[in-house]
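Ready for some practice in reading a protein structure? Work through the exercises below with the model open beside you, and try each task before you look at its solution.

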Amino acid sequence: MRRKSYLIAALFSLLITTACAEDGSQQDAEFGPLKCLGTEPFWSLELKDKTIVLEDMDSVQGQFKLTKAITSSNHTNRWFLTASGADSASVSVVLSKTNQCSNDMSDFSYEYEVMLLTPEQQLLSGCCNRIESAK
């Protein structure tokens with residue numbers, strides 16, 4: 001519970017910092033392809049070629065174009081991303097590279113922890129790994 005509270009606080013802190021830092025003082029981040037997932041409710045997110053595809057158990061919830069990716073000023077293993085889609089829908093994503101994220105349903109360890117704010121303002125948490133790109 002303490003860990004989730006910390007991540008929620010980090011999300012809102014990053015939202016405020018991003019809104020206030022209009023001078024471009026934060027470093028833009030580059031991301032390779034990522035596949036994220038969460039449980040209860042089950043959802044997935046794929047980030048590839050600056051596009052985010054969000055899905056739930058029933059269908060694709062939306063496709064969003066990455067608009068901002070910022071590296072934390074004081075932690076090089078944390079990022080804040082925003083993306084926009086059709087009808088002014090948007091998603092916000094907070095990533096933390098921990099190399100020890102668990103989906104609580106398997107013994108598999110993921111590289112990233114993720115928090116996602118959906119267009120419906122639902123806050124979800126889960127884990128991500130990089131997707132190996134085919135060459």
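## Exercise 1: Two cysteine pairs

Cys36 is buried, with a relative accessible area of 1%. Keep in mind that this structure is a predicted model.

**Task.** Find the partner of Cys36 in its disulfide, and work out the handedness of the bond.

**Solution.**

Step 1. Start with the bond itself. A disulfide is a covalent bond between the sulfur atoms of two cysteines. Cys36 is joined in this way to Cys128, with an S to S distance of 1.9 Å.

Step 2. Look at the torsion. About the S-S bond of Cys36 and Cys128 it is about 100°, so this disulfide is right-handed.

Step 3. Place both ends. Cys36 belongs to strand E1 (residues 34-38) and Cys128 to strand E8 (residues 123-130), so the bond ties together parts 92 residues apart in sequence. Cys128 is buried too, at a relative accessible area of 0%.

**Task.** Now treat the disulfide between Cys101 and Cys127 in the same manner: which hand does it have, and where do its ends lie?

**Solution.**

Step 1. The S to S distance between Cys101 and Cys127 is 2.0 Å.

Step 2. The torsion about their S-S bond is about -70°, so the disulfide is left-handed.

Step 3. This pair links distant parts of the chain, with Cys101 in strand E6 (residues 90-101) and Cys127 in strand E8, 26 residues apart.

Step 4. Check the burial. Cys101 has 4% relative accessibility and counts as buried, and Cys127 is buried at 1%.

Step 5. Put the pairs together. The structure holds two disulfides, and with the bonded cysteines numbered in sequence order the pairing reads 1-4, 2-3.

## Exercise 2: A network of charges

**Task.** Three salt bridges are present in the structure. Which residues are linked in a network of salt bridges?

**Solution.**

Step 1. Take Glu111 and Lys97, which form a salt bridge with their closest N and O atoms 3.1 Å apart. Glu111 lies in strand E7 (residues 110-117) and Lys97 in strand E6, so the pair ties together parts 14 residues apart in sequence.

Step 2. Glu111 also forms a salt bridge with Arg130, where the closest N and O atoms are 2.9 Å apart. Here the link runs from strand E7 to strand E8, with Glu111 and Arg130 19 residues apart.

Step 3. Join the two steps: Lys97, Glu111 and Arg130 form the network.

Step 4. Compare the surroundings. Glu111 counts as buried at 15% relative accessibility, whereas Lys97 is partly exposed at 28% and Arg130 is partly exposed at 47%.

Step 5. Add the salt bridge between Glu46 and Lys35, with the closest N and O atoms 3.8 Å apart. Glu46 sits in strand E2 and Lys35 in strand E1, so this bridge connects parts 11 residues apart in sequence.

## Exercise 3: A pair of rings

**Task.** The whole structure has two aromatic pairs. For the rings of Phe108 and Tyr110, decide how they are arranged.

**Solution.**

Step 1. The ring centres of Phe108 and Tyr110 are 4.8 Å apart, and the planes meet at 75°.

Step 2. Planes over 60 degrees apart count as edge-to-face, so Phe108 and Tyr110 are an edge-to-face pair.

Step 3. Ask about exposure. Phe108 is partly exposed at 46% relative accessible area, while Tyr110 counts as buried at 11%.

## Exercise 4: Backbone exceptions

**Task.** Where is the peptide bond that is cis, and what phi values do Asp87 and Asn99 have?

**Solution.**

Step 1. Recall the usual pattern. Most residues other than glycine have a negative phi, and most peptide bonds are trans.

Step 2. The bond from Glu40 to Pro41 is cis, with omega near 5°. Pro41 lies in the loop between E1 and strand E2 (43-48).

Step 3. Asp87 has a positive phi of about 55°. Asp87 lies in the loop between strand E5 (78-84) and E6, and it is exposed, with a relative accessible area of 78%.

Step 4. Asn99 has a positive phi as well, near 60°. Asn99 lies in strand E6 and is partly exposed at 48%.

## Exercise 5: Around one threonine

**Task.** Is Thr51 buried or exposed, and which residues is it in contact with beyond its neighbours in sequence?

**Solution.**

Step 1. Thr51 is found in strand E3 (residues 51-56).

Step 2. The relative accessible area of Thr51 is 16%. Buried means under 20%, so Thr51 is buried.

Step 3. Leaving aside neighbours within four places in sequence, Thr51 is in contact with Glu46, Gln63, Phe64 and Lys65.

How values were computed:
Residues numbered from 1 in each chain as written. Predicted model: local features only at pLDDT ≥ 70, side-chain atom pairs only at ≥ 80, totals over all residues. Heavy atoms only, no water. Helix = DSSP H or I, 4+ residues; strand = E, 2+ residues; numbered from the N terminus. Buried < 20%, exposed > 50% of the residue type's maximum accessible area, 1.4 Å probe, protein only. Contact = heavy atoms within 4.5 Å. Phe/Tyr/Trp six-rings, centres within 6.5 Å; stacked < 30°, edge-to-face > 60°. Disulfide = S-S within 2.5 Å. Salt bridge = Lys/Arg side-chain N within 4 Å of Asp/Glu carboxyl O.
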